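Please open the model in a viewer and keep the sequence panel visible. The tour below proceeds by selections, each followed by a description of what is found there.

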Amino acid sequence: SLIDNVYLGVLEFTEQSKIASKFIGSIGQLGYAFLFQETFFDLDLSDFDIMRGTSSVAALSGFADLMTGGSGFPLPDNFGSYPGSKKCNAKSLHAMWHQESAEGLSDLNLMIDYIVSVIQKNEKMKKNDGSLCVYDVGCKSGSCNWWYKKAFYACGKEPCWSDGTVCGVGTTCNACCNDQEWWYKKALTACGKEPCWSDGTVCGVGTTCNACCNGSSCPWYWFGVCKCK
């Protein structure tokens with residue numbers, strides 16, 4: 001969803017900050033507009049109160065424009081946005097409601113356009129499988145997983161480790177295609193089952209000779225050095 005894209009890593013921090021600023025400016029403008037909506041607050045304002053309210057519009061619009069990065073509905077001044085506004089705004093709550101809500105909604109629409117534009121830009125920058133990542137949404141595959149070989153999160157699913165790859169029991173061995181075991185030739189734990197040792201391979205009695213295909217020959221005068229048979 002749009003909210004997930006904004007808050008789950010597709011947008012950079014600076015882009016998120018801009019969106020937050022635009023949102024505050026737009027909502028502030030809309031909130032001020034509701035003060036002039038007759039049926040919302042049902043305020044009994046005098047002509048003087050209305051005049052004071054309309055006089056503050058220029059300052060409020062300036063603040064909103066500062067937050068949004070530019071007005072969505074440019075106003076040369078608080079009495080010059082539409083024909084007759086100079087006369088109507090000073091006496092009509094409803095006229096000010098329309099003027100302020102129009103600018104606030106316009107800024108809100110521009111904020112949504114900005115969000116969509118940066119999401120589309122970042123969609124093109126999504127990472128391929130194997131690239132380091134933090135969130136799922138930053139990957140083309142839509143999946144960010146722990147990769148044992150990289151010792152970090154990366155896009156996609158890590159390919160399983162082939163037989164003979166050295167690994168650590170309870171950690172990197174979890175990536176093996178097959179179960180791990182002790183490999184005598186490597187003197188370490190590795191993925192898969194070690195191939196048995198062929199005839200004539202030198203081995204150690206009670207240790208590496210366990211890997212012989214057909215047992216071992218260990219004459220006493222070899223003092224523990226044996227050969228697979």
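Two strands are taken to pair if DSSP finds at least two bridges between them. Helices (H or I, at least four residues) and strands (E, at least two) are themselves DSSP runs, numbered from the N terminus. The model is a predicted one, in which local features need pLDDT of at least 70 and side-chain atom pairs count only at pLDDT 80 or more, whereas totals for chains, interfaces and linings use all residues. Residues are numbered from 1 along each chain as its sequence is written, and side-chain values use heavy atoms, with hydrogens and water left out.

**The whole chain**

Begin with the entire chain, coloured by secondary structure. Seven helices and seven strands are present, and from the N terminus on they run α-α-α-α-α-α-α-β-β-β-β-β-β-β. Of the 229 residues, 34% are buried; buried means under 20% relative accessible area, exposed over 50%, and partly exposed in between (1.4 Å probe, protein chains only). Next, display the surface. The chain exposes about 13,600 Å², and carbon and sulfur atoms supply 61% of this area. Accessible areas come from the Shrake-Rupley method with a 1.4 Å probe; for residues, only the protein chains shown count as cover. Among contacts (heavy atoms within 4.5 Å) between residues at least 6 apart in sequence, 42% join residues at least 24 apart.

**Helix H2**

Select residues 13-34, which form helix H2, and within that helix pick Ser21. Is Ser21 buried or exposed? With a relative accessible area of 19%, Ser21 is buried. Neighbours within four places in sequence set aside, Ser21 is in contact with Met67 and Thr68.

**The hairpin of S3 and S4**

Move to strands S3 (180-183) and S2 (152-155), the two strands that flank the loop visited later, and then show S3 together with S4. S3 and S4 run antiparallel and are joined by four bridges. Trp183 stands opposite Leu188 in S4. Four residues lie between the strands of this hairpin, where Ala187 takes a positive phi near 55°.

**The disulfides**

Now show the cysteine side chains. A disulfide is a pair of cysteine sulfur atoms within 2.5 Å, and by this rule the count comes to nine. Three of these bonds may be visited in turn.

Select Cys160 and Cys177, whose sulfur atoms are 1.9 Å apart in a disulfide. Both cysteines lie in the loop between S2 and S3, 17 residues apart. The torsion about their S-S bond is about 85°, so the disulfide is right-handed. Cys160 is partly exposed at 47% relative accessible area, and Cys177 is likewise partly exposed at 38%.

Proceed to Cys196 and Cys213, which are joined by a disulfide with an S to S distance of 1.9 Å. The S-S torsion of Cys196 and Cys213 is about 85°, so this link is right-handed. Cys196 lies in the loop between strand S4 (188-191) and strand S5 (202-204), and Cys213 in the loop between S5 and strand S6 (216-217), so the pair ties together parts that are 17 residues apart in sequence. Cys196 counts as partly exposed at 47% relative accessibility, and Cys213 is partly exposed at 35%.

Then select Cys212 and Cys228, a disulfide with its sulfur atoms 1.9 Å apart. Which hand does the link of Cys212 and Cys228 have? With -65° about the S-S bond, the link is left-handed. Cys212 sits in the loop between S5 and S6, while Cys228 belongs to strand S7 (residues 225-228), 16 residues apart. Both Cys212 and Cys228 are buried.

**The three-stranded sheet**

Keep S7 in view and add S5 and S6. These strands make an open sheet in the order S5-S7-S6, with antiparallel pairing. S5 and S6 are the edge strands, each pairing on one side only. Two bridges join S6 to S7, and Ser217 stands opposite Lys227 in S7.

**The nonpolar patch**

Finally, return to the surface and select Val202, Trp220, Tyr221, Trp222, Phe223 and Val225, which make a nonpolar surface patch of about 760 Å². Patches are made of residues with over 30% relative accessible area and no salt bridge; like charges are joined within 9 Å, and nonpolar side chains (Val, Leu, Ile, Met, Phe, Trp, Tyr) within 5 Å. A salt bridge is a side-chain nitrogen of Lys or Arg within 4 Å of a carboxyl oxygen of Asp or Glu. Within the patch, Val225 belongs to strand S7 and counts as partly exposed at 42% relative accessibility.
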